[in-house]
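Okay, thanks everyone for squeezing in. I'd like to walk you through a few pieces of this one, so let's put it up on the screen.

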Amino acid sequence: MMHRLVPEHISSTLILLPRRGKQGLMLLADAVLLIFAVWASYALRLGEWFVPNRSQLVLMAVAPLLAMPVFLKMGLYRSVIRYLGEQALWSVFKGMSLAASSWAVLAFMTQMTGLEGVPRAVPLLYWLIGMVLVGGSRFSARWLLWFPLRTRFAGRQVLIYGAGEAGRQLAASLRRGRDLFPAGFLDDDAALQGKDIGGLRVYPPEHLPALVERFDIHDVIVTLPSASSARRREVVSFLEEHPVRVRILPALTDIATGRHLVNMVREVDIGDLLGRDPVGADPSLLGRCITGKSVLVSGAGGSIGSELCLQIAALAPARMVLLETSEHALYQIDRLLRSIADCRIIASLGSVGDAALVSGLLAEHRVQTIYHAAAYKHVPLVEANPLEGARNNVLGTLTLAQAAFAAGVQTFVLISTDKAVRPTNIMGASKRWAELVVQGIARQASVQGSGQQFCAVRFGNVLGSSGSVIPLFKDQIAQGGPVTVTHAEVTRYFMSIHEAVELVIQAGSLALGGEVFLLDMGEPVKIFDLAHNMIRLAGHSVRDEDNPEGDIEIAITGLRPGEKLYEELLIASSNAEGTLHPKIMKGDEPCLDAEELSGLIGQLGVALAARDETAVRQVLMWVAGDRFDRRRPGTDF
């Protein structure tokens, strides 16, 4: 214990010294070391214990007097010892070379004035020994000053992947903090490996296992803010093979200064593993249906609805009408928008199925654009409650769309889902019916020439939305497992909620009427692999047959009622065509003529009134049958 307390006491005393005091101490230390260097040079040259005469003592005393102005000019007393890097060696080399040369000239000149001569090897030895002593003293002092910090942060040291500017700023920020301590850098650049940057050594990535053992590393922070998603995914995939928790810095566009880099470090999320590079938004498409207009968002307090509200608020609408059934969710989004939006906010508590309420809102606030995000979307819950699922998702959409048509709303955008494609569950079927309703109203608007655009936008899972698998896995991992997966082969499409909403807004601007837009979701992700990666990225190991001593088990629970192994974005017989936006496609989907749609909606209404679940299921699931699948859009709607 005592051997730890002594360096810590010395370090604390030195750190608390004023700047002038530290510089004076360095000057004194250099003076003593240089005098010793001259004496050692004589002793080594003569091969015996050297006792200098008066003239030699004068030459020894002159050595620091010649060296100090040179060292000051070279900046050796301006650097902070704790953050000393390899560049200091070059300064020591230049300073000591000039100092030794000056001393050698003086020494040889004194020989001509009659003083005892200096052996020619002494100046060279003085230069070598001075280099070692002056440079070594600084790096020894750096070690001494960092020693107590390394002891204090034992078990909380981190490695920083990337020795670029962001990595260096992060290291400096971590040093000023109290939670983590940087042990070094990992970098692929061979030119940096083995060097010290800001007092930290740069190691090649393949040294990670040894570093984990040596420094007791539990965390690696990835600082590649300008790298592509593919490169970040490659780095994360490499790191997840080791028993460390991976964190990542956000993109350069999110970093204004380096002052708060520590607070910007976040856990790796699945978005970093998907390898998706979002396409930049088209400003003209974003604002076309929003800027200066009255906009209504149904389901405004939900995951999609609240993100819609935030992005709409940034596009300068004239007013925003928020329609939500949950009092708490409406309160939260209303309070947030009032703090950031520069427009009038109208918060309305109610359901899209309330025809009087909806019609009143549209008329009173002269709504021009509607984003319909209100829906029951959790597959097992809707499967167990088909009546409410049909009433909200189908009849609620019908009520809102009919009111929008009657009120002359210019643009109506339905938020749909990939589960509406060949649905195997009530939720998916109800959303396909909602699409059919919107297509039907669009045909009606086209026939009457009203110029109104009704469309639907279909996409897969959004990362982090309420009830999605990502937060569920995070909670299960935090509780120690098991992580539950319904089937080892289940795959899903994923997209960030910000990107999805941004594309929804742009798709609405592309609508001519009746389209079902499809968002490019990238490659599907196997949920079992997702669970495995999230466990590894959290710093745990997977417990399975190959590793029975692992931390967290992945449990296969079996497919839930109505759940599919694979999700699709297109009905099998349909074709998709491109649009002006590379991430938005337009599907050529089957639809119903007016008479058939009206008849089936009527049957659904009767079944709901009678609370006949069997009949409701039968009507809803009709869209999953081959007979409907073969239908094509008619011309008589």
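Before the helix pairs, one convention: angles under 35 degrees count as roughly parallel, over 145 as roughly antiparallel, 65 to 115 as roughly perpendicular, and the rest as oblique. Also, keep in mind that this is a predicted model.

So, first pair. Take helix α15, residues 386-407, and helix α20, residues 594-609: their axes come within 11 Å and cross at roughly 140 degrees. By that convention, α15 and α20 are therefore oblique to each other. The handedness of the α15 and α20 crossing is left-handed. Who's touching whom? On the α15 side we have Leu387, Ala390, Arg391, Val394, Leu395 and Leu398, and they meet Ile601, Leu604 and Leu608 from α20. Sort the residues of that α15 with α20 contact by type and you get eight nonpolar, no polar and one charged.

Okay, on to the sheet. It's an open one with three strands in the order β15-β21-β20, and the pairing is parallel. The edges are β15 (483-485) and β20 (542-543), each pairing on one side only. If you zoom in on β20 and β21, which is residues 552-556, you'll find them paired in the parallel sense over two bridges. One to click on: Val542 has Ile552 in β21 as its bridge partner.

Now, what packs on this sheet? Helix α17, residues 469-478, does, touching β15 and β21, and its direction makes about 140 degrees with that of β15. Then there's helix α19, residues 527-537, which lies across β15, β20 and β21 and runs at about 165 degrees to β21.

And how do α17 and α19 sit relative to one another? Their axes come within 10 Å and cross at roughly 45 degrees, so α17 and α19 are oblique as well. This crossing of α17 and α19 is right-handed. The contact uses Val469, Ile470, Phe473, Lys474 and Ile477 from α17, with Ile527, Leu530, Ala531, Met534 and Ile535 from α19. Here the tally for α17 with α19 is nine nonpolar, no polar and one charged.

Last stop, way back along the chain. The unreviewed UniProt entry annotates "transmembrane region" at residues 25-44, 56-76, 88-112 and 124-147. What does the model give for residues 25-44? That span is 100% helix and 0% strand, and its end C-alpha atoms lie 28 Å apart.

That's my tour, happy to rotate things around if anyone wants another look.

How values were computed
Residues numbered from 1 in each chain as written. Predicted model: local features only at pLDDT ≥ 70, side-chain atom pairs only at ≥ 80, totals over all residues. Heavy atoms only, no water. Axes fitted to C-alpha atoms, helices over the stretch in contact; angles between N-to-C directions. Helix = DSSP H or I, 4+ residues; strand = E, 2+ residues; numbered from the N terminus. Left-handed = near helix turned anticlockwise from the far one by under 90°. Contact = heavy atoms within 4.5 Å. Nonpolar A, V, L, I, M, F, W, Y, C, P; charged D, E, K, R; others polar. UniProt positions renumbered as here; feature names shortened; annotations may be inferred. Pairing = 2+ DSSP bridges.
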